[in-house]
Amino acid sequence: IPATAVFSYFGKDVFEGTQAMDYFIDNSEDGAVIFGKNIFFGYFGTADTYVMPEDIDTLFDGCFENAVCKEIILSEKIIHISENCFKNCKNLKEITVPDSVSRIESGAFSGCTELEKVNLGDKLCYLGMKVFEGTKIKDIYIGSEMLVLDGAFAGCDTLENITINENN
């Protein structure tokens, strides 16, 4: 798959049952499996900090699941954080969600047992079920664009304060 290819969608199980994933993982430069120019399939590296390439605009479901990073810096082009995207990233302590993101799907940060701080962008309008389940988040800010909180804080036992933008 040439690095110049740009995809609008790439099915999650496209390589299931093949040896292709082993090839992609073994031949990645830093543990990141990227399809074409814009699809982030998964991170299998061991760095404390991972900086995502700026052309990435699509994240696969569970693409950072079980990653060992303490910090992940997301591309400013991402508009959607997929289901279980960061699930069980046990070392992740803080993350900033770019203003470009409008949706965070179910379980995106569930099981991130060290996660204490999430900076949500002001353009975020949807948080799915149990997004922060099992984290250490105490405070959260809800921006002016938020429309749907679909059980986002279920299982978030440490949450103490929710601040809502006065224009919401």
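**Note on the core, the small sheet and the main pocket**

1. The largest nonpolar core holds 49 residues, and the members that touch the most others are F64, F86, I104, L127 and F132. The model is a predicted one. Helix α1 (20-26) and the strands β1, β2 and β11 (139-142) each supply at least two residues of this core. Strand β2 gives the most, with 4 residues.

2. One of the core residues named above is I104. Leaving aside residues up to four places away in sequence, I104 touches I81, V97, F109, L120, L124, Y126, L127, G128 and V131. L127 is therefore worth finding in the view alongside I104. L127 appears both among these contacts and among the core members with the most contacts to other members.

3. Strand β2 spans residues 39-43, and 5 of its 5 residues are buried, so this strand is largely enclosed by the rest of the structure. A residue is called buried here when its relative accessible area is under 20%.

4. Which strands lie on either side of β2 in the sheet? The order is β1-β2-β4, in an open sheet of 3 strands with mixed pairing. Strands β1 and β4 stand at the edges with a single partner strand each, so one side of each has no neighbour in the sheet.

5. The β1 side of the sheet is antiparallel: β1 (residues 32-35) pairs with β2 over 4 bridges. One of the bridge partners is easy to look up, with V33 facing G42 in β2. The two strands form a hairpin with 3 residues between them, and G36 in the turn has a positive phi of about 65°.

6. The β4 side is parallel: β2 and β4 (residues 58-59) pair over 2 bridges. Here I39 has T58 in β4 as its bridge partner, while F40 stands opposite L59.

7. How many residues line the largest pocket? The lining has 18 residues, and A32, V33, I34, F35 and G36 lie nearest the centre of the pocket. The volume of this pocket is about 410 Å³. G36 is also the turn residue with the positive phi.

8. The lining of the largest pocket draws at least two residues from each of α1 and β1, and β1 gives the most, with 4 residues. By type, the lining divides into 11 nonpolar, 3 polar and 4 charged residues. Strand β1 thus takes part in the sheet as an edge strand, in the core with at least two residues, and in the pocket lining with 4 residues.

Terms used: Residues numbered from 1 in each chain as written. Predicted model: local features only at pLDDT ≥ 70, side-chain atom pairs only at ≥ 80, totals over all residues. Heavy atoms only, no water. Buried < 20%, exposed > 50% of the residue type's maximum accessible area, 1.4 Å probe, protein only. Pairing = 2+ DSSP bridges. Core = buried A, V, L, I, M, F, W, Y, C linked by side-chain atoms within 4.5 Å. Contact = heavy atoms within 4.5 Å. 1 Å grid on protein atoms, 1.4 Å probe; cavity = no way out; pocket = protein on both sides within 12 Å on 5 of 7 lines; lining within 4 Å. Points joined across faces, edges and corners; volume = space filled by probe spheres on them. Nonpolar A, V, L, I, M, F, W, Y, C, P; charged D, E, K, R; others polar.
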